[in-house]
Amino acid sequence: MKWVYSFGNGKAEGRADMRNLLGGKGAGLAEMANLGLPVPPGFTITTEVCTYHYENDKTYPKGLRRQVATALAQVGRTTGKAFGNSDNPLLVSVRSGARASMPGMMDTVLNLGLNDATVEAMANKSGDRRFAYDSYRRFITMYSDVVLGFPHHHFEEILDDYKDKNGYSLDTDLSADDWVELVARYQQRLKEEHGEPFPQDPEQQLWGAIGAVFGSWMNQRAITYRRLHHIPESWGTAVSVQAMVFGNMGETSATGVAFTRNPSTGEKRLYGEFLINAQGEDVVAGIRTPQEITEAARAEAGSDKPSMQRALPQAFKELTRIYGVLERHYRDMQDLEFTVEQGKLWMLQTRAGKRTAKAALKIAVDLASEGLISRKEAIARIEPAALDQLLHPTIDPKAERQVIATGLPASPGAASGEIVFSADEAETLKAKDKRVILVRVETSPEDIHGMHAAEGILTTRGGMTSHAAVVARGMGKPCVSGAGALRIDYAAGTMSVAGRTFKAGDVITIDGSTGEVLAGRVPMSEPALSGEFATLMGWADATRKLGVRANADTPNDARVALKFGAEGIGLCRTEHMFFDEDRIRAMREMILADDEKSRRAALAKLLPMQRTDFVELFEIMQGLPVTIRLLDPPLHEFLPHSEKEIAEVAAAMGADAKKLADRARELNEFNPMLGFRGCRLALAYPEIAEMQARAIFEAAGEAAKLTGKAVVPEIMVPLIATKAELDLVKERIDAMAEAVARERGSKVNYQVGTMIELPRASLRAGEIAESAQFFSFGTNDLTQTTYGISRDDAASFLGTYVSRGVLPSDPFISIDREGVGELMRIGVERGRKRRPKLKVGICGEHGGDPASVEFCHEIGLDYVSCSPFRVPIARLAAAQAALGKGAGDAAGSDA
């Protein structure tokens with residue numbers, strides 16, 4: 001069995017399409033080697049070893065050690081060095097690499113192979129003792145933290161104390177003798193606290209590091225990241241072992257991270273950061289503020305530090321050439337890691353770069369326009385759910401900005417919230433429905449849960465490629481990083497700047513597009529959608545088969561829905577129109593009425609209000625289909641409950657307060673979701689359905705006159721379990737249509753259909769379709785009634801079900817294909833068997849979930865309907881479903 005794949009010297013045993021086996025990093029290194037790019041030689045241990053490791057009590061497969069030794073010897077021959085040799089040592093890096101990019105989630109060890117003997121050999125070979133001991137102290141710190149579980153803060157304390165005592169401010173101020181002294185102190189502290197000396201055997205070091213990388217697949221931050229990004233545990237990680245190249249060998253050496261296009265805006269130009277005389281973790285960890293790669297970017301940033309273009313012109317030229325090669329080869333924006341060792345450029349990684357939704361759109365449309373990808377590929381590249389980022393507020397340009405600090409614009413969008421200084425606190429407050437901004441000196445992978453809970457992230461350290469920046473962009477949350485003027489005191493719970501102090505709980509606003517931090521809550525404005533958004537949506541609309549409508553109850557909802565490309569209203573919930581102060585009084589009169597006559601008198605007050613609502617909706621929708629659901633909620637929701645409320649209502653209505661209280665008690669139910677609601681109301685009080693039908697038909701006539709476009713309302717009867725229920729309600733609707741036609745002298749075209757939201761309705765869909773002209777699946781209730789779970793109470797245990805693997809995801813967020821989905825499939829098949837042209841849609845919130853939209857496409861629905869802001873998501877998901885691309889496969893978007 002082959003467990004190890006080598007690369008380097010212009011060739012490789014692996015390829016780009018082997019990322020499931022070699023992980024993203026290993027596949028990228030192999031492909032770059034095959035392309036003849038300068039890649040330090042090395043080898044990748046496959047993800048299958050990781051799987052074996054966890055399935056076999058953390059042991060390794062037979063033959064692995066031999067294959068590793070062979071591959072390591074090959075690296076030695078290529079470099080002219082030998083691993084563990086005390087005269088001419090080969091040093092290696094050990095890095096993780098899963099098939100899905102997980103920035104900062106797993107462990108890395110650099111400079112492996114150094115010990116008290118090889119460090120001296122390295123000093124002699126390089127002629128630079130300072131460089132050798134700087135590398136050794138870095139190795140001791142990383143190895144102790146990652147492999148021995150001895151946290152790096154122990155070493156940072158020693159280093160900070162040493163720098164303070166000697167008047168140093170930067171690590172680069174320390175001399176060779178300083179590092180020699182610190183290495184001795186590091187080893188002494190480790191032995192004292194850990195009880196074991198630092199391992200000197202390079203072989204032991206290597207297997208310790210390999211074990212730690214496999215171990216990090218199951219660390220808490222990686223588990224959290226996988227849960228948030230739906231990455232299966234079974235994928236495992238690969239381990240890449242690679243000959244070290246050194247960016248910390250003086251002023252002609254450097255390390256950096258670059259994107260072939262701007263990951264925030266998508267603009268086509270090299271974007272990134274580098275540091276002279278540094279190693280990779282210095283850039284990403286935000287310990288030193290990095291320099292710009294291009295001269296143009298340096299000028300824009302107003303930096304006085306030289307760009308790579310100026311400081312290392314030959315290496316910059318080579319990087320520019322390579323970025324062109326890689327982007328053309330992969331046909332996507334790439335995220336590159338590189339090191340310059342004494343003027344020579346080496347490539348350490350290429351992968352599809354994480355990007356914001358705005359950048360993903362621009363890049364996909366630009367790549368299609370450049371002829372690198374097809375329009376269909378462009379559609380497939382955008383993660384539908386990521387469009388949410390584009391549809392959320394930015395700071396109102398007219399708003400007064402009280403700027404307290406400025407950092408880097410690390411992830412676009414804006415957010416206001418209360419200051420919290422810890423990830424745990426962010427999570428706690430989010431659970432209490434508080435909006436918070438997570439404020440940290442710098443974030444680390446341990447903060448991932450708090451970043452997820454926060455509205456936005458603010459850090460005082462770190463660049464545009466720091467952990468905070470990359471993770472925030474991936475989550476679609478605004479982030480300002482490197483706001484160096486801010487002073488954070490975790491112990492006191494304060495953030496101070498320019499003489500002002502802000503405490504935990506104070507409200508601030510961050511603008512991730514400008515890098516500004518503002519005092520207080522600032523007004524936001526609706527997002528403006530880019531030309532690329534319209535272009536891609538046009539391509540998606542031409543591809544999809546499913547119609548996309550919106551759930552809209554108010555004129556404002558309807559306008560937003562149209563702006564986002566809805567093709568009609570798939571659900572108008574009429575009860576939302578009754579909660580206005582004037583209307584609820586008439587509604588209460590109707591409920592309290594003792595007889596039909598009094599009920600009709602109250603309904604007569606509601607009729608003009610309903611009619612006005614419908615006229616406005618029909619007018620806005622300009623002849624597009626509008627599906628109106630008859631009154632659905634339990635009547636007790638409209639009644640006052642406290643004694644004070646009852647007395648107020650009784651006085652306003654001139655009714656007896658005791659009678660009102662008795663009626664409220666009478667209507668109160670133990671389980672209202674399964675009680676007196678939906679078509680049950682229309683059966684008991686047919687006059688309610690009649691009033692609503694009259695309002696709809698009269699409004700349709702009026703709107704048609706106003707707009708000159710025929711209105712064909714779709715009247716939907718909720719909570720049907722039997723054909724008999726539908727027939728009785730439909731009879732009243734049909735009679736009202738005839739009455740209105742007689743009065744107005746013109747016929748009304750309309751359709752009557754039903755919500756399918758009970759398992760029985762799905763099973764008896766054949767006979768229900770004899771009367772129903774359309775079906776719309778109410779999947780919120782269908783999920784409740786299939787599982788016997790109240791969605792209002794489910795939050796307390798559904799999370800446990802998902803984390804324990806009982807359910808793959810929350811069934812109220814994504815359709816349960818096997819249970820609820822099976823009932824939908826039965827409903828469609830049996831309904832269309834009886835009525836072949838039966839129109840079938842879905843109007844639960846699932847209509848805006850990409851995986852659910854894909855399922856709706858598979859079972860042959862005619863349309864999905866979702867909340868207005870999710871319409872673009874549904875349009876794109878429907879196009880991807882038509883292309884046969886599963887939800888969540890969006891290549892390279894990672895947004």
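Student: Where do F614 and F618 lie, and how far apart are they along the chain?

Tutor: Both sit in helix 22 (residues 596–621), four residues apart, which is about one turn of the helix. Keep in mind that this is a predicted model.

Student: What makes the F614 and F618 rings a pair, and why is the pair called tilted?

Tutor: Their ring centres are 6.5 Å apart, and rings pair if their centres lie within 6.5 Å. The planes stand at 35°; stacked needs under 30 degrees and edge-to-face over 60, so the remaining label, tilted, applies. The structure holds 15 aromatic pairs. F614 and F618 are both buried.

Student: Which residues form an aromatic cluster?

Tutor: Y60, W207 and F214 form one.

Student: How do you know that the charged end of K344 sits over the ring of W346?

Tutor: One part of the test is distance: the charge must be within 6 Å of the ring centre, and the charged end of K344 is 4.6 Å from the centre of the W346 ring. R549 likewise lies over the face of Y863, at 4.0 Å from the ring centre.

Student: Why is F797 called partly exposed?

Tutor: Its relative accessibility is 30%. Buried means under 20% and exposed means over 50%, so a value in between counts as partly exposed. F797 is found in helix 31 (residues 795–803), and F797, Y801 and V806 form a nonpolar surface patch with about 260 Å² of accessible area together.

Student: Let's turn to the sheet. What makes strand 2 and strand 7 its edge strands?

Tutor: The open sheet has six strands in the order 2-1-3-8-6-7, with antiparallel pairing. Strand 2 (11–12) and strand 7 (108–112) each pair on one side only, and they are the edge strands.

Student: How do you know that strand 8 pairs with strand 6 and with strand 3?

Tutor: Pairing takes at least two bridges. Seven bridges join strand 6 (residues 92–98) to strand 8 (residues 237–243), and four join strand 3 (residues 42–45) to strand 8, so both pairs meet the cut-off. Both pairs run antiparallel. In strand 8, A243 is the bridge partner of V92, V241 stands opposite V94, and V239 is the bridge partner of I45.

Student: Why is strand 8 called mostly covered?

Tutor: Seven of its seven residues are buried, so each falls under 20% relative accessible area. T237, V239, V241 and A243 point one way, while A238, S240 and Q242 point the other way, and all are buried. In a regular strand, side chains alternate between the two faces of the sheet.

Note on methods. Residues are numbered from 1 along each chain as its sequence is written. This is a predicted model: local features need pLDDT of at least 70, side-chain atom pairs count only at pLDDT 80 or more; totals for chains, interfaces and linings use all residues. Side-chain values use heavy atoms; hydrogens and water are left out. Rings of Phe, Tyr and Trp (its six-membered ring) pair if their centres lie within 6.5 Å; planes under 30 degrees apart count as stacked, over 60 as edge-to-face and the rest as tilted. Helices (H or I, at least four residues) and strands (E, at least two) are DSSP runs, numbered from the N terminus. Buried means under 20% relative accessible area, exposed over 50%, partly exposed in between (1.4 Å probe, protein chains only). A charge sits over a ring if NZ of Lys or CZ of Arg is within 6 Å of the ring centre and within 35 degrees of the ring normal. Patches are made of residues with over 30% relative accessible area and no salt bridge: like charges are joined within 9 Å, nonpolar side chains (Val, Leu, Ile, Met, Phe, Trp, Tyr) within 5 Å. Accessible areas come from the Shrake-Rupley method with a 1.4 Å probe; for residues, only the protein chains shown count as cover. A salt bridge is a side-chain nitrogen of Lys or Arg within 4 Å of a carboxyl oxygen of Asp or Glu.
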